[in-house]
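Reader: I would like to go through this model and ask what stands behind each label. Please give me the value and the cut-off each time.

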Amino acid sequence: MYLFGKGTEINTAKADEFLAKASKQSNPDASYQLAVIYSADNYNLLDEDKANSSYQQAKDGYEAAENANPDDSTAAYRIGQMYLNGTRNGNRHIDRSRMHGLKNQLGKTNSSAAYKLAQIYEQGLENLQADFDKAVKYYQMSAELDNPYAHDKLGCTNLERANMNEAVKNFEKAEDEQYRSRLLQIRADIRR
């Protein structure tokens, strides 16, 4: 609440204080948020050592949660995100075992994991070769789980492939103002 000014004034020092308390009680979400605070210029609390320590604590906490409950799709997704995004210096640490963890979460209906895998395959991140067909497969999985971003991505892909009817269906399912404007433009183009 203090960090983003939700229901109160923004107070980064108070946010740091409460997140540190939660982090000490083994809350990996709090540890991760602290790492972000300590590694982002906009919070005025830059501290690379604290950031690295907090990232490690978050990773360890998520891994413990995943080991305690292998069906915990949230923990596996967050670990995958950490490996994908890396830390403040931009390093990315895609570990094939984490890719496997993200893939395992697809069977547990995690649209975010499917969407993230699609992005990884589309962009060919790190040691993985770009594979647009695999990316589309994962975007489709994510869209089937009602991810509006996946519907938008598939809509754009269908537009590029001149498959207007499918593009319209995707944009309709996206249910967002940005996507609705694309849909209206497509319909206008089809009528011409």
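Reader: Why are glutamate 166 and lysine 169 separated by about one helical turn?
Author: This is a predicted model, and in it both residues belong to helix H9 (residues 164-174), where they are three residues apart; that is why the separation is about one helical turn.

Reader: What makes glutamate 166 and lysine 169 a salt bridge?
Author: Their closest N and O atoms are 3.3 Å apart. The limit is 4 Å between a Lys or Arg side-chain nitrogen and a carboxyl oxygen of Asp or Glu, so the pair qualifies.

Reader: Are glutamate 166 and lysine 169 buried, exposed or partly exposed?
Author: Glutamate 166 has 33% relative accessibility, and lysine 169 has 44%. Partly exposed covers what lies between under 20% and over 50%, so glutamate 166 is partly exposed, and so is lysine 169.

Reader: How many salt bridges are there by this rule?
Author: The count is four.

Reader: Which residues are linked in a network of salt bridges?
Author: Lys14, Glu17 and Lys21 are. Glutamate 17 meets lysine 14 with closest N and O atoms 4.0 Å apart, and lysine 21 at 3.8 Å, N to O. Within helix H1 (residues 12-24), lysine 14 lies three residues from glutamate 17, hence about one helical turn; lysine 21 lies four residues from glutamate 17, again about one helical turn.

Reader: What is the accessibility of the residues in that network?
Author: Lysine 14 has a relative accessible area of 30%, glutamate 17 has 35% and lysine 21 has 44%. Each of these counts as partly exposed.

Reader: How do you know that the length of helix H6 agrees with its number of residues?
Author: Helix H6 (residues 111-123) has 13 residues, and at 1.5 Å a residue the expected span is 18 Å. The C-alpha atoms at its ends are 18 Å apart, so the two values agree.

Reader: Why is H6 called largely enclosed?
Author: Because 10 of its 13 residues are buried. Among them are Tyr115, Lys116 and Leu117. Across the chain of 192 residues, 40% count as buried. Just after H6, glycine 124 has a positive phi of about 60°.

Reader: How many aromatic pairs does the whole structure hold?
Author: The search finds four. In one of them, tyrosine 32 and tyrosine 55 have centres 5.8 Å apart and planes at 70°. Centres must lie within 6.5 Å and planes over 60 degrees apart count as edge-to-face, so this pair is edge-to-face. The pair joins distant parts of the chain, with tyrosine 32 in helix H2 (residues 28-39) and tyrosine 55 in helix H3 (residues 48-68), 23 residues apart. At 27%, tyrosine 32 is partly exposed, whereas tyrosine 55, at 10%, is buried.
Author: Tyrosine 115 and tyrosine 139 also form an edge-to-face pair, at 5.4 Å centre to centre and 65° between the planes. This pair links helix H6 to helix H7 (residues 132-144), across 24 residues. Both tyrosine 115 and tyrosine 139 are buried.

Reader: Which residues form one aromatic cluster?
Author: Tyr115, Tyr139 and Tyr149 do.

Reader: What makes the charged end of lysine 137 sit over the ring of tyrosine 138?
Author: The charged end is 5.0 Å from the ring centre. The distance limit is 6 Å, with a further condition of 35 degrees from the ring normal, and the contact is counted as a charge over a ring.

How values were computed. Residues numbered from 1 in each chain as written. Predicted model: local features only at pLDDT ≥ 70, side-chain atom pairs only at ≥ 80, totals over all residues. Heavy atoms only, no water. Buried < 20%, exposed > 50% of the residue type's maximum accessible area, 1.4 Å probe, protein only. Helix = DSSP H or I, 4+ residues; strand = E, 2+ residues; numbered from the N terminus. Expected span 1.5 Å × (residues − 1). Phe/Tyr/Trp six-rings, centres within 6.5 Å; stacked < 30°, edge-to-face > 60°.
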